[in-house]
Amino acid sequence: MIKLLLPLALAALLTGCQQDCDGHVYVLAQGLAAGDSVPGKMEPSALPAGFPRGQLSSDGSYAGRKAYCNVNAARSDYVDSARAGRIAVPGAWSVWQTDARWPDDVHPYRPADWRLKAPARLVKEMEKHNGSGN
């Protein structure tokens, strides 16, 4: 019985996380251009030398780039994080559409925190922010 309910619960989480998903996956990025890739989930043995240790989970893995199912969610998280000092704001940050698809190419990391399962290519810059949290 539990085995039958688990896929249904996961599907409800994936579809109910944000109401206005458009099927694309968006990320925040700084200093990248169309065609560049952003990382997905990686096990400790797959991490490149010099990978920022501050971005690792307690088990040493990398959960993947934070993913959003619409531009508004990415913008809101950027503004909230910048104002709260959770992200470095010097320089311009952009909201990028990737070649990944929602919900197939993301996984839940924490409540309301979705991450890329695999690397994704940046396709289109949707918005650029000046680094002041605006």
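**A walk through two sheets and a pocket**

Of the 134 residues in this protein chain, 38% count as buried, and the model that shows them is a predicted one. The chain contains two helices and seven strands, and someone reading along the sequence meets them in the pattern α-β-β-β-α-β-β-β-β. Contacts between distant parts of the sequence are well represented here: among the contacts in the chain with a separation of 6 or more, 76% are made by residues 24 or more positions apart.

The strands are a good place to begin. Strands of a sheet pair through backbone hydrogen bonds, and the pairing may be either parallel or antiparallel. One open sheet in this model has four strands, which lie in the order β1-β4-β7-β2 with antiparallel pairing. Its edge strands are β1, covering residues 24-29, and β2, covering residues 37-38, and each of these pairs on one side only. Between β1 and β4, the latter made of residues 93-101, the antiparallel pairing extends over five bridges, and within β4 the residue Arg101 is the bridge partner of His24. Against this sheet packs helix α2, residues 71-84, which touches β1, β4 and β7 (120-129), and the direction of the helix makes about 60° with that of β7.

A second open sheet is formed by three strands in the order β3-β6-β5, and here too the pairing is antiparallel. The edge strands in this case are β3 and β5, each of which pairs on one side only. Four bridges join β5 to β6, and one pair to look for in the structure is His107 with its bridge partner in β6, Arg115.

The loops hold some details that deserve a slower look. In the loop between β4 and β5 lies Pro103, and the peptide bond that joins Trp102 to Pro103 is cis, with omega at about 5°. Further along, in the loop between β5 and β6, is Ala112, a residue other than glycine whose phi nevertheless has a positive value, near 60°. Is Ala112 buried or exposed? Its relative accessibility is 73%, and because a residue must be over 50% to be called exposed, Ala112 counts as exposed.

Another proline, Pro39, is found in the loop between β2 and β3, where β3 consists of residues 66-67. With a relative accessible area of 23%, Pro39 is partly exposed. Which residues does Pro39 contact, once its neighbours within four places in sequence are left aside? They are Tyr62, Gly64, Arg65, Leu116 and Pro119. The C-alpha atoms of Pro39 and Lys117 are separated by 8.6 Å, although these two residues stand 78 residues apart along the chain.

The last stop is the empty space in the model. Rolling a probe the size of a water molecule over the atoms shows where such space is left. The largest pocket holds about 710 Å³ of space and is lined by 26 residues, of which Gln55, Arg65, Lys66, Ile87 and Arg115 lie nearest its centre. Elements that each supply at least two residues of this lining are β1, α2, β5 (106-110) and β6 (113-116). By type, the lining residues of the largest pocket divide into 13 nonpolar, six polar and seven charged. Two of the residues nearest the centre have appeared before: Arg115 as the bridge partner of His107, and Arg65 among the contacts of Pro39.

Key. Residues are numbered from 1 along each chain as its sequence is written. This is a predicted model: local features need pLDDT of at least 70, side-chain atom pairs count only at pLDDT 80 or more; totals for chains, interfaces and linings use all residues. Side-chain values use heavy atoms; hydrogens and water are left out. Two strands pair if DSSP finds at least two bridges between them. Contact means heavy atoms within 4.5 Å. Axes are lines fitted to C-alpha atoms, for helices over the stretch in contact, and angles run from 0 to 180 degrees between N-to-C directions. On a 1 Å grid over the protein atoms alone, a cavity is a set of points where a 1.4 Å probe fits but cannot get out, and a pocket is an open set with protein on both sides within 12 Å along at least five of seven lines; lining residues have an atom within 4 Å of a point. Grid points are joined across faces, edges and corners, and a volume is the space filled by probe spheres set on the points. Ala, Val, Leu, Ile, Met, Phe, Trp, Tyr, Cys and Pro count as nonpolar, Asp, Glu, Lys and Arg as charged, and the others, Gly among them, as polar. Buried means under 20% relative accessible area, exposed over 50%, partly exposed in between (1.4 Å probe, protein chains only).
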